[in-house]
Every structure is written in structure tokens, then in C-alpha cells.
Number of protein chains: 2
Amino acid sequence: MRLDELPPRDDFNDWYNEIVEKAGLTDKRYPIKGMNVWTPYGWKVMLSIDSLIRNEMERTGHDEVNFPTLIPESEFSKEAEHIKGFGKDVYWVTHAGENELDVRLLLRPTSETAMYPMFSLWIRSHSDLPLKIFQLVSTFRYETKQTRAFIRVREIHFFEAHTAHRDYEDAERQIKEDLEILDNLMRKLCIPYEVHKRPDWDKFAGAYYSLGIDTLMAGRILQIGSIHQYRDNFSKPYDITYEDENGEHHHVHQTTYGMSERLFGAIIGIHGDDHGLILPPELAPYQIVIVPIPKKGHQDEVYGVCNSLADELKAGGFRVHVDLRELRPGNKYYHWELRGVPVRIELGMRDMENATVMVFRRDTMDKEVVKRDELIPYIRNMLSDIERNLYERAKEKMKGHTALVENPMEIEEVPDIMKVRWCGDEECGLKIEERTDTSALGTAEHEEEAEGTCPVCGKPAKTYLYFAKTY
Amino acid sequence: MRLDELPPRDDFNDWYNEIVEKAGLTDKRYPIKGMNVWTPYGWKVMLSIDSLIRNEMERTGHDEVNFPTLIPESEFSKEAEHIKGFGKDVYWVTHAGENELDVRLLLRPTSETAMYPMFSLWIRSHSDLPLKIFQLVSTFRYETKQTRAFIRVREIHFFEAHTAHRDYEDAERQIKEDLEILDNLMRKLCIPYEVHKRPDWDKFAGAYYSLGIDTLMAGRILQIGSIHQYRDNFSKPYDITYEDENGEHHHVHQTTYGMSERLFGAIIGIHGDDHGLILPPELAPYQIVIVPIPKKGHQDEVYGVCNSLADELKAGGFRVHVDLRELRPGNKYYHWELRGVPVRIELGMRDMENATVMVFRRDTMDKEVVKRDELIPYIRNMLSDIERNLYERAKEKMKGHTALVENPMEIEEVPDIMKVRWCGDEECGLKIEERTDTSALGTAEHEEEAEGTCPVCGKPAKTYLYFAKTY
């Protein structure tokens, strides 16, 4: 009896829309479209993602701050490209109580224009640099495209780091550090990724250049974060300067690093299967669920052993839940598989007699009998192995979906990630986008030299440009 | 040389306004009045307060959720008293991008009207009850009174728990649990408090009754939280019902529990002195600061010993910082006293020779020589003692400022907290408020029977009513 039948994973859109609610991650019935409620199980996972981010920020000397949600229109308008890029997407507060406001306020879509007026007060001297701060907050974007939980929403749970440096080179060093942080995080979140330097026509509003952090989910690219080099594009309009050792004043160079609840969307979409979620062990609210297999007349005995096993495992550092509901074991299996719990332990009378338990792992759906006295190290290894396996198998899959295309202007079946020789001209890039109904992701993080010619104009190719359908 | 001279604590308003910025808690120069920036040191303390709250919520089986920031006007208007109470204080979003919205949205001033439409979907049967959730979010109130950091701001860091129950009695049990949670928290935050049942003319908009959580700060009462019994006042307009064991449908009974960044304001204002902040040990970002006392030619030696002492203390579970800046020790003392670090260790050559350190405690400003090999248990005891001392001495002070007043209509000098016999009539209460320029806080949490007569109307007194000037 499966009350909560899921659509098959192959019907990805239906599957995704269903699993996010059935697994208790979110409730989309809130009376504003695209603004969803974080329900307890989903919010726990998101807070664990936040906590991994905080650890990396602390390790690299970023200080956590918290800026106001609202920004005055006058500050927002200072950087010309920025307002052009975001102006159409913002929510405007025009009234307070019964009064019309003198200056309209907007709900931050991102916090450059909130933070940089303060940076110009905080930064005085070279000894104030580098300044490295971050915050975890809600941002707001008036999305007109179709919304999708965690992927395209109108209130976004957002991470943003902002840094200021004495020169371009020091800002570049920051971007190297950001890429290290990224790699540490993605291994724990089990998300494979490629970093692309976005083409000029798709960089962040106000950036000198933008790096997109891209992953592949159900045949389309999902941008799960970005890193921007601003150079002095913002420090000039916001007048952020410092005095160097010789008493001379210079504008700072700035970077930002942003990621959002899309990280969670990627985890759901990349690893999930016909049975439901598969959660990376670092994020799972319960890493282990224990299901007693009761036998008539021995229920209390079995429950007692399950509870003391749970205590043992908790003392070993695991997050454990014992499911004592009055349901058949099969229904409990189904319930926790749907919710992506990495490891299940089944324990009945026969196991008690043999001093064993049955261990099930969610990523491979394998079951194995394990001796009680070997259980803790066994599970510790298994959780590491699940993390490694989830990451590696998704990474392999992403690689397998990338292909070099000789002539994109004539191709029939476009691969999920298309690599194309490119002369470097915007016009040629845009023609390929239009012909193949994809978006240019940009060039590789590390410059690739291409031989041969651009398939559009026939001029010598300088590098490769990547294309994909995107979310 | 004290660059950052503070006004004396007796000039409370000046002192408070200065210390919050000088200690690095907030920056009030953000270009929207009453919306301040949480700077790193202050935000760290606030996150520690949040974390104590989360622990209590987990212990008592409340689930954490996160609701959208915006509420449609149509939902907000459903409970008549509530909109009357909050309508004048809200920020309205009227436009998104270039479009005017069909339904205006407001920034939540509190989340009843965001949550209860969902409660009516979530609650079906008696087995869904009690429902106990909470969130830690920003709320928004268009304050027209003068703003003050952490005390009266327009974006408020807010905790709110919302519960639903099968009947009034179960909701009352919840309120008992809330009061236990309160007591656990206040001991760690070192905030003395009294709970008052607010008079009917001052209860929360929509509540059946309201309990105010009051503390005394510089001669005035600061409400640092509140607990509300809603009965079925919200469940009727929001249609929140459940089916009982006999198939009959009933409206749920509801409670809420709210606290805010005012907790932080109270800690600053109650414990601070002429030297600056005094932080409770549970909240201090650094519990111990080590200041090396260098001697010419032995600097590296002293620094090395300080660093290894810090490692030892960190391994002992303390949060420790070694101040290696090139400043005179006296300036470092001043710096960390201002920031409220509970314990300072001073360590120089003589201490190294004698295997001792000098330990300074911030709450009493006492110094003592302690043997190195007794240091860890010594400091563990000292931190507990600081917590206890801060709480107890503030509690004694609050008691000492309360006085029974026989005839408030003729009194010249009103005590900080005035206790008055009361017949129970609103009119008499309002007359005393007006005559003494105070607000009625309400009656005691546990009913007190009064003898004698009401000093306004002369009728027999039923109980005592408390009055004070408030923030």
C-alpha cells in the first residue's frame, strides 16, 4: 500500500514537483506564487548546508554580518549597469502605514548596493584590507518565468560573500580561494560542477567578469552559484577608497561569491531516483533509521534492543532515529527511502539471536548482514563511501553528457553540454545560441586553446565555448 | 591614551548609543533610519542567543520552519483586531518591477497571518495536535517613535513560536512549558525578569490574554518578550479545525511565544558599566582573552607561552583569543573590557618563572594570581560564577526598585516599579497611568489577592496592578 506514489524519475518535472512536497521539504501552497514555506525536514537540510558554508567562511577568515533587507532607491541607482540588470526584478515598498514614503525602498535582490555605502565608511587605510564578509539572508526577485521549488523562487535563501582588496591581483587571489572553498563544499554536498567564465553578454550586472558554477540536472545546466570580479566598477560610484603606505588614495577592487538554495535543488534533482530523495550523509537530518521487525509476543524486547542500539550509535556521533510507529516494516522502508535517509538498519528476533543487524544503503539499494560488534566502524565507512559514490557517479554522468560538436549550425541532436570551437566574436556565439536553442555557458575556467576554425565565420578558433539548455 | 572614551553609564542614553557602536555590535549609519547593520561581533552574540533558543525548542519538541517574508493583504485582514493593531505599522509592497500588484503585499510585522492559512491545511485530525513550530526571522515595523539600537528598530531579529492544541487546557499547558523555557534562557542570558498578565487594554491584537516578559533597565521597564493565549480567536477566521476521535470537528486553540533582539539590548543595558559591556559567558564570542606582558628581548618567548596556553584552554572547551597586536597592555585591557570579555589572562616573564598567570574577571574587576596547573578548573568555576553573579545582582537590583504605593494619585516620586491595590476596573487603571505618567504592566503572573481598597475609586481591591515607565 503506497499512498504516496511518486511519478517515475524519468518524468523529471512531475517527479521533482512531487518529491519536494512528499518528502516534507517545502509547501508550495502559500498564497503568494513562488514564495514557499520551508517545512521542518527541508529547513533542517538547508541549515546544514548553511553550517558547512559557515565553516568554510570561518576557516578562510570571513566575518559574518547581517545587513538590512531594504535598500533606498537612491543607493540602488548609483551603479548604472546594476540597476539596468536588476531594476525590472525588484519589489518596491512605497508606503509605510498610511504614509507614502519620500524615497522608495526595495527588497534586496542582492546586497551590493546595501553594503557598499557602508564599505566607504569602513575602509580608510590599507590596514583595513582585505575586508572579507558574508551573510546568509533572504533575497527577493520578481520572477516572471515559471517558478520551481528551490530552483526559481521569488524569495531566495541566499549566501553572499563580499570582499574588498588593495588591487586587482589581491582580488584575483580571493577568487582562487573561493574556488578552493567551492571544491570543499561540493564534495560534501556531492554536487559535480564545472566553472565557466561567462561570455561578456551574460555577465553579472556591474561585473568585470563573472564565473558561473554549473551543474547538470536532468539534461539541463543549473547555475548553482557565481563568483564575480568587480575590479573597481562599484568602488568608483560608491567612493570606496583607501590610503596606502605613501599617503596616496586608491579605489579598492572587489569580488563577490554567491550561492543559494539552488544547492538544495541540485542535490534533490541530481541524486533522486524512482524511490525518492537520496541525501548526502553530511546533510541528512537522520543518517540512520532503525526499523524494528517485531515478532508477536516479543515486541517490547525488539524495541528495547533498537533503542539501545540507537543510543550506541548516537554516542558514536551519528544522527539516528528509531521508527516505532505502528506500521508494517515495508511501509516504513518506503517512508524513509522517499526521504533519502542514507542508511537503514533492520533488526528482528533472528538478528538478536545472531548478534547481527541488516544494513541497507540508500544509494545502491544494497542490503548486507553485519555483526553487531563491527557495526560502528562499518557504518562510518559506509557513510564516507556513500558520499564518495554519490559525488563520483554524478561527476561521471556529467562528463558523459559533454561532447565536442564540429558544426553546431547543422547539428540535429544537440548534446546536453556542447563544446564548440570559437573565434571569440559575440556575434558567432549568439548565432550558435539561436540555432541550437541553448545558452552559452562561457569558456572553461582554465583557458583552453583550440585548433581549427570557428564553425560560424570560418576564422581561426581561439578557444572553446560551451553551450547548454539551462534552468 | 583612550581614543574611544565612553560617556559614564549614568548618562544612560548617551552611554547606550555609544557603546553599541564602539563595541562593534552594530552600525547605525545605514541610510534607512532604524534599520541598522549587524557588525561581526554583535552578530556573533545574537547567533549565540539564537542557538540557546534553538536548544530549548529542540528539547521541547518544537520544529523549526521558515515562512515567506511577505503576506498578502487579503490574508492579513482576516482577523479584525489584528489588522486594527498592526495596520498602521506595516510596510507595503505595491509594485514589482514596473507593474502595480493586484493584491498589495506587506512585510510581516509578526507571522500569525502568514502561518495560519497553512495551519488550516496542515491540521486535519486530533493526531496532528499539538502542532509546535518556531522560526527565527526578520520582522518589520514602521516605528514612528525614536529608534534605539536593538530596543526599537524597524527591522527586528525575531523569534516566534506558534502552537495549536485540541483545547484551552492543552494550550494552557503549553504556556506553562513556555515559562520553563523562559527561566532556563534568562539564567544563561543573565536577565532578571517578571512576568505580568497585561491589562485588557494593552494585550496583543487578537489575543485572549497576553503575558508580558519584563525586565528593568536604567529605571524603565523593557518588554523582552511575550506569551499569548489566543483561545480560538484566530482559528475561527482562519478556519483551523480538527476532527476528534468521534468524528466531530472543533476549532484549535493557539498560543504564541515571541522574543527579539531586545534580549541583546537588555544584556547590554543591564550589565554594562563605565568600562563598557559585560557579556554573559555563554554568549561571549571570546570568553577569555590572553594579553602577553612582553619584556625586552623575551617577546617571542612570552608570545609562545601565550599561544600554547590558548591551545590548552581551547582544548578545555573555552573560546579564547590571544591579543598579539603591537599595543601597550593597558590599551588592550581597555579594548577588551569595553567589549565585555568575561575573563582576561595576563602573562609575563615573572609569571613564566613562577608557573602562574594573572586572572582578571570583568564583572567584579578583581585580579588574582592563579597557578598554571590549576587554571582550567579555576576558570571553569569562574565562568559559572560570573553567570550566577550577573544574574543574581541584577535580580536583586530589580527587586529593590519595586515598591508598594498606598496612594498613587498623590505620590510625588514614583518608584521605578510601582505596585498598587486595584479594584479591577479599567478606568481606575487608566487614571493611575495618566496621573503618574507610567504604563500599567498588568497583574502578577501568579494571582495575588489584595486587602484594602482601590486608591482611585475606594471600592475593595481585588489584586495588585503594577506600573512603570517603559521603553
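## Exercises on a predicted two-chain model

**Exercise 1.** In which sense do strand S7 and strand S8 of chain B pair, and over how many bridges?

*Solution.* Strand S7 (residues 131–140) of chain B runs antiparallel to strand S8 (residues 155–165) of chain B, and the two pair over 10 bridges. To follow one of these bridges, start at B:Gln135 and look across to its bridge partner in S8(B), which is B:Glu160. The structure is a predicted model, with a mean pLDDT of 96 for chain A, where 99% of the residues reach 70 or more.

**Exercise 2.** Place these strands in their sheet, and find which strands of chain B stand at the edges.

*Solution.* Begin with the order, which in chain B reads S3-S7-S8-S14-S11-S10-S9-S22-S23-S21-S20, an open sheet of 11 strands with mixed pairing. At the edges stand strand S3 (63–64) and strand S20 (402–404) of chain B, and each has a single partner strand, so one side of each is left without a neighbour in the sheet.

**Exercise 3.** Why is helix H7 of chain B described as largely enclosed?

*Solution.* Take the residues of H7(B) that are buried, among them B:Arg262, B:Phe264 and B:His271. The count comes to 10 of the 10 residues of helix H7 (residues 262–271) of chain B, so the helix is largely enclosed by the rest of the structure.

**Exercise 4.** How are the two copies related?

*Solution.* A turn of 180° with a shift of 0.0 Å along the axis lays chain B on chain A, with an RMSD of 0.0 Å. The copies are therefore related as by a two-fold rotation axis. Among the residues of chain B, B:Val93 comes closest to that axis, at 2.1 Å (C-alpha).

Methods:
Residues are numbered from 1 along each chain as its sequence is written. Chains are lettered from A and ligands numbered from 1 in the order in which they are written. This is a predicted model: local features need pLDDT of at least 70, side-chain atom pairs count only at pLDDT 80 or more; totals for chains, interfaces and linings use all residues. pLDDT is the predictor's confidence in each residue, from 0 to 100. A residue is buried if 20 or more other C-beta atoms lie within 10 Å of its own, exposed if 12 or fewer, and partly exposed in between; C-beta atoms are placed from the backbone. Helices (H or I, at least four residues) and strands (E, at least two) are DSSP runs, numbered from the N terminus. Copies are superposed by least squares on the C-alpha atoms of residues with pLDDT of at least 70 in both. Two strands pair if DSSP finds at least two bridges between them.
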